[in-house]
Structures are given as C-alpha cells and as structure tokens.
Amino acid sequence: VAIFRPATDKYGQGGVRHPVIVWGNGHTNTVDIWQSFLARVASYGFVVVAPEQTEVTADHMNKALDYVLGLANDPTSGDCGKIDATKLGSTGYSRGGMGAISVGSDTRITSTFVFAANGNVKNLKAPWGVIGGDMDMTFDWEAINGAVTGSTQPAFGAALAGIERSYARRRPRA
C-alpha cells in the first residue's frame, strides 16, 4: 500500500489524531497518477492509504485500511497515537469508487465520497457523496442522482455539466 500523511512537522503534533481515508483508484489506474491529489488530501490533515493494484477491489481497500489501523496500534510504529481509528472514510474514482461504496457498508466507515462511480448505496451506514459528469456514459448521472435522492443516509451529489470520460462518446443534449 501507499500511505500519504500530513507534513512531518504537523503529523500527530499536540496530541492530534488524524482521520484515515482509504482510496481506490480506477480501472487500470495506478496510485502514481493520483499521487499529487492524494498528497494534497493528506496536507489537510488526513492519513490516506491506497492499495497499489491497478484493479482495486473492496477487499484490497479493506486490507489496506486494516494495515494502517494496525500501524495506529503498534507502539513500534511511527504512526502509533497519531491516527484516529474512529474517523474512517472511503473514497475512490470509477471502479475504485465502486470499491469505496462496498467498503462504506462497514460500520467502521464514517463517510464515503466517490468520483464518477455508482453502486449499491443502500448498504452505506454513514453520510456519502458523489461527483460525476452529466455526459458520462459509464456511470449514468440520472441513475446516480436517483441513488442520492433516494438515499437512507445523508447524501450529496453533483453533476459537472458537459463532462464525460475520454473513452465515452458525447451524448447529445436534449
């Protein structure tokens, strides 16, 4: 796994314990292409753990989360006492977002946020959100919007106008 932490001079300072986010990259993506984004998220005080597979599954994400939580409780680890094991989030892009939704069904997860993804959100146990493109042919915005408005958990959804995936063809506007 790759782990992104807040800056050394801020990590765990003053007794602060940092929330954890588990990240799932999209189909054929690598953590390397998301490195700048994940480092930026960590700069806001999060510990981000990301499986380094190109076909990330919920199982990979759960194992990565368990790994970093193990570090949080290991007195020989530089992470011990710096991670808040009660504030866990799942997030991801596309296929990794689908994994994040599956991981979000775990009662340990306190929030889920996905990019260009959809899945069985009925099993989520905490607030969640999604951002997608209104012209994305892979994850139809109308279906995602229906999941947001019909959610039993607090939910947020945003469609970016005119956005599609590079491999999807543009849908004509009605």
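1. In this predicted model, β6, α4 and β7 make up a β-α-β unit that is right-handed. The two strands of the unit, β6 and β7 (residues 155-160), pair in the parallel sense over 6 bridges, and within this part of the model Ile 131 stands opposite Ala 158 in β7.

2. A crossover of the β-α-β kind also appears around β4 and β5, and several points below return to these strands. β4 and β5 run parallel and are joined by 6 bridges, with Gly 92 standing opposite Val 114 in β5. Between these strands the chain passes through α3, and the β-α-β crossover from β4 to β5 is right-handed. On the pairing of β4 with β2, 6 bridges join these strands, which run parallel, and His 18 stands opposite Ile 83 in β4.

3. The helix of that crossover deserves a separate remark. Gly 96, Gly 97, Gly 99, Ala 100, Ile 101 and Val 103 are buried in α3, and the elements that cover the buried residues of α3 include β2, α2, β4 and β5.

4. On the nonpolar interior, the largest core has 31 residues, and those with the most contacts inside it are Val 20, Val 22, Leu 65, Val 68, Ile 83, Trp 128 and Val 130. At least two residues of this core come from each of β2 (18-24), β3 (47-50), α2 (58-72), β4 (83-93), α3 (95-103), β5, β6 (128-133) and α4 (141-149), while the largest share, 8 residues, is supplied by α2. A second core, separate from this one, has 11 residues, including Ala 2, Trp 23, Val 31 and Val 48. As background, nonpolar side chains in soluble globular proteins tend to be buried together.

5. Val 68 can serve as an example from the core, being listed among the residues with the most contacts inside it. When neighbours within four places in sequence are left aside, Val 68 is in contact with Ile 3, Val 20, Val 47, Val 49 and Ile 83.

6. Thr 112 is a position that I would describe in some detail. Thr 112 lies in strand β5 (residues 109-115) and counts as buried because its relative accessibility is 5%, where buried means under 20%. The side chains of Thr 112 and Ser 90 are joined by a polar contact of 2.9 Å. Not counting residues up to four places away in sequence, Thr 112 touches Ser 90, Ala 100, Ile 101, Gly 104, Leu 124, Pro 127, Trp 128 and Gly 129; of these, Ala 100 and Ile 101 are among the buried residues of α3, and Trp 128 is one of the residues with the most contacts inside the largest core. Thr 112 and Trp 23 are 89 residues apart in sequence, and their C-alpha atoms are 10 Å apart in space.

7. Asp 79 is placed in the loop between α2 and β4, and its relative accessibility of 4% is why Asp 79 counts as buried. The side chain of Asp 79 makes a polar contact of 2.5 Å with the side chain of Tyr 11. Leaving aside neighbours within four places in sequence, the residues in contact with Asp 79 are Arg 5, Tyr 11, Leu 71 and Ala 72.

8. Turning to the aromatic residues, the structure holds 8 aromatic pairs. The rings of Trp 34 and Phe 37 have centres 6.0 Å apart and planes at 70 degrees, so this pair is edge-to-face. Both residues lie in helix α1 (residues 31-43), 3 residues apart, which is about one turn of the helix. An α-helix has 3.6 residues a turn, so residues three or four places apart point the same way. Trp 34 is buried, with a relative accessible area of 19%, whereas Phe 37, at 34% relative accessibility, counts as partly exposed.

9. Phe 37 also forms an edge-to-face aromatic pair with Phe 115, at 6.0 Å centre to centre and with 90 degrees between the planes. This pair links distant parts of the chain, since Phe 37 is in helix α1 and Phe 115 in strand β5, 78 residues apart. Phe 115 counts as partly exposed, at 25% relative accessibility. One aromatic cluster is formed by Trp 23, Trp 34, Phe 37, Tyr 93, Phe 113, Phe 115 and Phe 156, and Trp 23 is also included in the second nonpolar core.

Note on methods:
Residues numbered from 1 in each chain as written. Predicted model: local features only at pLDDT ≥ 70, side-chain atom pairs only at ≥ 80, totals over all residues. Heavy atoms only, no water. Helix = DSSP H or I, 4+ residues; strand = E, 2+ residues; numbered from the N terminus. Buried < 20%, exposed > 50% of the residue type's maximum accessible area, 1.4 Å probe, protein only. Contact = heavy atoms within 4.5 Å. Polar contact = N/O pair within 3.5 Å; in protein donor to acceptor, adjacent residues only side chain to side chain. Core = buried A, V, L, I, M, F, W, Y, C linked by side-chain atoms within 4.5 Å. Phe/Tyr/Trp six-rings, centres within 6.5 Å; stacked < 30°, edge-to-face > 60°. Pairing = 2+ DSSP bridges. Right-handed = clockwise from strand over helix to strand, strands pointing away.
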